[in-house]
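Visitor: Please show me the structure, and let us then discuss how its chains meet.

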Amino acid sequence: MGLVFLKRLKGLVLPLVLLMVWEIASRQGRAYALTFIPIEKIGRSLIETILSGELLTNLLASLGTASTGLLIGGTVGLGLGSLMGLYPRVDKIIGPVFHSFRQVPLLGWIPLIGLWFGNGCLAKTLVVCLASFYPMVLNSYAGIRNVENNHLEVGRVLGASRWQTYRYILIPGALPFIFIGIYHALAFSWISTVGSELLFTAGPGLGGMMQTAQMAAKMDIVIICVASIGVVGLLMNVSLAKLSGHLLRWRSTR
Amino acid sequence: MNAISTAKKLPIPADALGLLAVPLAMLALWVLVTRAQWVPEQLLVSPTKVIEAVGELWEAGELQGHLQNSLRRLFLGFFSGAIFGLIFGVLMGLFKSMEDYCAPLFNAFRQIPSIAFIPMLILIFGIDETFKIIIVAKAAFFPVALGGYDSVRGIPKNYFEVAKVYQCPLWPLIKQVVIPATVPQILTGLRLSLSRSWMVLVAAELMAADSGIGQMMEWGRQMFRMDIVVVGVFITGLIGFALDYGFKWLESRMARWKMG
Amino acid sequence: MGNLIHPDFKRSAKSLSGELSIQSLHKQYRLERNYLNVLENINLTILPGEFVSIVGPSGCGKSTILRLVVGLDSDFQGRILLDGKPITSTSTDRGIVFQDHRLFPWMTVWENIAFALVNSDLPSAEKRDIVSLNIKRVNLTGFANAYPHQLSGGMAQRAAIARALVNEPKILLLDEPLGALDALTRLYLQAELQRIWIQHRSTMIMVTHDVEEALFLGDRVVVMQANPGRIKRVVPVPLEHPRDRSSPLFHRLKDEILADLIDTDSTAEAKRAKSLALRSDLG
């Protein structure tokens, strides 16, 4: 117990030093005070943005975009990846196209999507869809391909029907990979939500809020947004890790 | 014998054709759709126009200039970020006390997407080169640091025991055991971080730049020059592919002792 | 229990060094809040040039003894002396072969074996000679430049034996060296080990699961039992090397030792069943 406590304490040293340096820098005159906002002022702005509902509105808008995109892109990705994994012919036809499209960095599509779909909600959601689509295709494909042949043989020997083979062997066998896919898709959907909101500034969202604050040189708001983005990302990771730990408890962990 | 050799020979051209068939069909469709004007020019630019745009940009020297600027930023940022990341990650993997002090802050920052730092960095450094190199370095730092840390922690205890049995001194231990055992994973971390750096750089250039492939695309979007935007998409994809492929090649060369 | 030295041991006069003496050795592991006795009062003296086999059920601490002797673990009570000097850390006068060959996958057979000389001051020409001599010794000539993944299990284990022999250790410890191999390779490598032992004339201690292997190679067989790990019996094997596996004495000793092991195993099994029953009563 004592040891764990000491370890936690050590972990706090660096952040505290950083905060102190920040605070000292903020008191070095007006030129510094613009970028190094005093901690106390950040705190006050935080309370203000919470009370006015500004933070919550934008946060919810971002979460909405992220989850819509994740749901649509992830489901389509899961379907396509599974089809590619199950049917070599589909893989042969779609694989090369998929892999060549995948080479373009996600946010590189933004100008094109902007030209086609404007810079509102639809364009943002499309970017997020694409972001969650790729990892789901890749991992569900790999998951199905990685189901061990000897497990499939057991199914064949026991006379499992096609449906039973899916239900009892292929899907559970692919599940660890699919979870890795969801993991990545979740992370990418959040990153791309922020990215698309920074670039498509119409409508509410943390990215848009941050961009507006940057234009107005309001460092405190920018910092609050960055921190909120980090906290949401962390919460997403932790809850998914808990969930996958529960669903994949049959796997031996070292 | 005969059957094997024919079986070995035949599928290769068939496979290559199969691989090319779909992209070629898509290209044909693209040409057809734009020729027949089923879709207005503003929504889908024709392939010929894209090729013309490449020629035009090349003649004017713009394309080369943008490419040069983007790649310079990418490599400056990537190398500085990766070197610091590697040193930091390996040290954190080797020394428990360093991990105790640094890991929480490291993990907290790791949660925040690099892109989210762009507005903050613009406020601190302005929109000059510094900001772009720093954001690329930041993007490169974390995956490399994580790869370095994981790979050092992941060296099987067995290897250290063998080294201890033969009383291996520190330097040979690092040179003959730690480095070879960690290289594959570190290279993977470097590859990941290179493609992330590229994405972040394109985003940063889209947001705030006076040159670079991203800026070229953003300009194309504002001027409704879809041909230039498509050129940009192609080039970013091509560069992304080349970087990834080059690193994979390097990985396979540096870890030749691995199976398969 | 006292010191257990086989009285008719005759080879001792030939080699002078490599005498291992283990005196009232105890070792505990801490498992959360409980202490688990891994080894309890181990007393064993092994003469220079002797081959001692250790058999016992899993969890009796037989591999732990080897880890203590080689110096990978120094957390114990009691004394372990090699030629009268206490063992404090690893040293090149003690070699070990692990069950998993533990060759570095990024080094060739040659480089792996040469790694054993990483701390020696010999000129490199001499090192080269020593390595190639030891490759020849384990019959791996022609495989010097192969990577471990290109070797069969038996070949990899032979490379590991060569690596352990390079420093001409006074005592060679073998931790189930043939445990992961198929039956035929095993028989072949047992003969190889014997040949190496006769040529090398160093003390050897081998931990194994296989009673026949223990009897085939060992001058004495130490039978251990678990919970806590202790020596149950030391069986001298008064048969000439190389041994005839079909001789009546060989068979009788094998049956005796197996009976010992099954006995301890079944008492342990009974204990476990009893404690389980108890727990279910309480629960």
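Visitor: How many salt bridges does the rule find across the interface of chain A and chain B?
Guide: This is a predicted model. The rule requires a side-chain nitrogen of Lys or Arg within 4 Å of a carboxyl oxygen of Asp or Glu. Across the interface of chain A and chain B, the number satisfying that rule is one.

Visitor: Which residue of chain A forms a salt bridge with B:Asp100?
Guide: The cut-off for the N and O atoms is 4 Å. The closest N and O atoms here are 3.7 Å apart, and the partner of B:Asp100 is A:Lys10.

Visitor: Which element gives the largest share of the side of chain A that touches chain B?
Guide: The elements that give two or more residues to this side include helix 1 (2-26), helix 9 (162-199) and helix 11 (219-247) of chain A. The largest share amounts to nine residues, and its source is helix 11 of chain A.

Visitor: How many residues on the side of chain A that touches chain B are nonpolar?
Guide: In total, 47 residues of chain A are in contact with 42 residues of chain B. By class, the side of chain A has four charged residues, twelve polar ones and, as nonpolar residues, 31.

Visitor: What area is buried between chain A and chain B?
Guide: A:Lys10, A:Gln103 and A:Leu115 supply 14% of the area that chain A buries against chain B, more than any other three residues. Carbon and sulfur atoms give 80% of the area buried between the two chains, which is about 4,100 Å².

Conventions. Residues numbered from 1 in each chain as written. Chains lettered and ligands numbered in written order. Predicted model: local features only at pLDDT ≥ 70, side-chain atom pairs only at ≥ 80, totals over all residues. Heavy atoms only, no water. Contact = heavy atoms within 4.5 Å. Buried area = accessible area lost by both parts, 1.4 Å probe. Helix = DSSP H or I, 4+ residues; strand = E, 2+ residues; numbered from the N terminus. Nonpolar A, V, L, I, M, F, W, Y, C, P; charged D, E, K, R; others polar.
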